[in-house]
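Here is a short tour for the bench. Have a look at the sequence and the fold, and then we can walk through the ligand surroundings and the overall build together.

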Amino acid sequence: MIICDDKKCTGCAACFNVCPKGCIAMTFNERNELSPTIDADKCVNCGACQRVCPVNKLVEKIPSAKCYACYAPEERDSSSSGGIAAELAKLFISKGDCVCGAVYENGTVHHKIVESEEELPKLKGSKYVQSYIDDIYKQIKVKLKDKNVLFVGTPCQVAGLRNFVGRSDRLYCVDLICHGGTSHRYLDAILPKKDGELSFRKNGDIAVRLDDDVVKYSGEYIAAFLKMMSYRECCYSCRYADTERVGDITLGDFWGIKDFPETEKGVSIALVNTEKGTAMFDAIKSGLYCEERQLNEALGGNPQLSRPSIPHKHRDLFMKTVNRKGFVKAVHKSMKKEMVKLTIKKIVFSSKLLTKLYGALR
Ligand SMILES: Cc1cc2nc3c(=O)[nH]c(=O)nc-3n(C[C@H](O)[C@H](O)[C@H](O)COP(=O)(O)OP(=O)(O)OC[C@H]3O[C@@H](n4cnc5c(N)ncnc54)[C@H](O)[C@@H]3O)c2cc1C
Ligand code: SF4
Ligand code: SF4
Ligand code: SF4
């Protein structure tokens with residue numbers, strides 16, 4: 001049985017969550033993408049997986065009503081961008097509700113429901129990898145019986161959740177502007193250990209860090225991510241790369257904004273799309289620095305609001321090499337120009353460090 005076109009599957013795991021017989025497993029396919037595998041002996045052909053799949057049953061997209069440039073002064077230093085996600089999470093927890101977002105725990109980035117203030121810091125920060133959804137939609141559905149839930153994730157995850165839950169007055173969704181999901185296998189290939197605090201953006205810099213130490217081959221991982229080499233196949237034709245959105249609020253970086261204070265510290269774009277989005281945003285607005293802007297202004301710096309990512313010109317070579325030679329070698333083979341630049345950067349950086357050390361010793 002085929003749930004949807006394999007190259008369009010986003011790995012959202014709605015099918016895995018809905019299967020009444022538990023006969024779907026999310027496993028890595030030959031392109032290293034987490035995808036459903038069905039145990040044919042247990043399947044009863046009920047069709048629930050095909051009906052819930054957002055590739056078959058499109059989730060409504062809503063034109064964004066308002067566009068803001070903003071940041072949360074208390075949260076942005078410890079967040080990836082303007083700290084708006086953290087401010088919204090605090091709002092839900094303060095009312096005794098729940099927040100579901102991506103955390104790094106026990107060696108994986110996965111979605112988790114958080115219900116206490118103490119656990120909120122784990123949600124902060126963008127983890128630039130496709131997070132494991134596991135059975136989180138089922139857990140959210142249980143919580144929705146007596147609580148509001150704020151879900152933060154990529155648009156394809158929001159779509160999977162919306163199809164799984166159906167209409168719910170208690171579900172609030174934030175979708176992220178997203179240029180692509182990188183396989184967790186590639187992150188596993190460079191992480192030296194499973195514990196510690198994982199981060200990708202710190203002090204305006206982007207790198208894979210564990211407990212503040214930059215991980216070996218972090219440059220390779222980030223280059224493949226930023227240069228659109230290592231995404232799922234479906235990301236290159238993503239239906240959510242648009243100003244019409246599936247979230248009540250959409251968050252991203254307001255790249256290239258003009259006439260705005262302290263842009264170097266992080267400015268978020270917040271698209272407020274629905275009534276629920278307006279209610280959430282109004283509730284946090286007094287704690288933000290916030291200016292309403294024209295949507296057109298955001299489009300220039302953020303191509304993912306108007307079109308999907310364009311694959312790196314050597315992606316075919318990367319895909320051919322990665323399973324035979326491993327992630328790091330595949331990056332070096334298919335991104336020679338970028339790797340030379342990276343090596344030069346490392347040499348300059350280490351010579352600066354040596355000069356500093358030498359100065360300190362003299
Ligand atoms: C894979 C990915 C690609 C992105 N691509 C773009 C882009 O092209 N352009 C752009 O403007 N912005 C992009 N973003 C969004 C950007 O990095 C910020 O998350 C956003 O600006 C919100 O910033 P913040 O400071 O409010 O929250 P942050 O501190 O960034 O917190 C982000 C929130 O998102 C959730 N989250 C973190 N990692 C993941 C993940 N892997 N999957 C799902 N949810 C996650 C967390 O739970 C948290 O609630 C991307 C984010 C991700 C995760
Ligand atoms: S058809 Fe039904 S039983 Fe079979 S995999 Fe899909 S949801 Fe599960
Ligand atoms: S529901 Fe999601 S994971 Fe399952 S087949 Fe459809 S897109 Fe893929
Ligand atoms: S680019 Fe689209 S399909 Fe890919 S992870 Fe982002 S939202 Fe999902």
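## Around ligand 3

How does the shell around ligand 3 divide by class into nonpolar, polar and charged residues? The shell has 12 nonpolar residues, two polar ones and no charged residues. Please keep in mind, here and below, that this is a predicted model.

If you would like to find this site in the viewer, start from the residues that come nearest to ligand 3: C9, C12, A13, C15 and C53. They belong to a set of 14 residues around this ligand.

## Around ligand 1

Now let's turn to ligand 1, which is surrounded by 34 residues. The closest of these are S126, K127, Y128, I177 and D253. Sorted by class, the shell around ligand 1 holds 18 polar residues, 12 nonpolar ones and four charged ones.

Three polar neighbours of oxygen atoms in ligand 1 are worth picking out on screen. With G83, a polar backbone atom sits 2.8 Å from an oxygen atom of the ligand. G252 also offers a polar backbone atom, here at 3.0 Å from an oxygen atom of ligand 1. With N302 the partner is in the side chain: an N or O atom there is 2.9 Å from a ligand oxygen. As for cover, ligand 1 has 900 Å² of accessible area on its own, and the protein covers 97% of that.

Which elements give two or more residues to this shell? They are the helix α3 (84–94) and the strands β5 (98–105), β7 (149–153) and β13 (249–253). The biggest giver is β13, with three residues in the shell around ligand 1.

## The protein as a whole

Stepping back, the secondary structure of the protein comprises 12 helices and 15 strands. The radius of gyration is 21 Å, close to the 21 Å that the globule rule gives for 362 residues, so the protein is as compact as a globular protein of that length. Along the principal axes, its C-alpha atoms fill a box of roughly 70 × 55 × 40 Å.

How much of the protein is buried? Buried residues account for 50% of the 362 residues. The surface that the protein exposes comes to about 18,100 Å², with carbon and sulfur atoms supplying 53% of it.

Finally, a word on contacts along the chain. Among contacts with a separation of 6 or more, 67% are between residues 24 or more positions apart.

How values were computed: Residues numbered from 1 in each chain as written. Chains lettered and ligands numbered in written order. Predicted model: local features only at pLDDT ≥ 70, side-chain atom pairs only at ≥ 80, totals over all residues. Heavy atoms only, no water. Near = heavy atom within 4 Å. Polar contact = N/O pair within 3.5 Å; in protein donor to acceptor, adjacent residues only side chain to side chain. Areas by Shrake-Rupley, 256 points an atom, 1.4 Å probe, with all protein chains shown as cover. Helix = DSSP H or I, 4+ residues; strand = E, 2+ residues; numbered from the N terminus. Nonpolar A, V, L, I, M, F, W, Y, C, P; charged D, E, K, R; others polar. Rg over C-alpha atoms; globule rule 2.2 N^0.38 Å. Buried < 20%, exposed > 50% of the residue type's maximum accessible area, 1.4 Å probe, protein only. Contact = heavy atoms within 4.5 Å.
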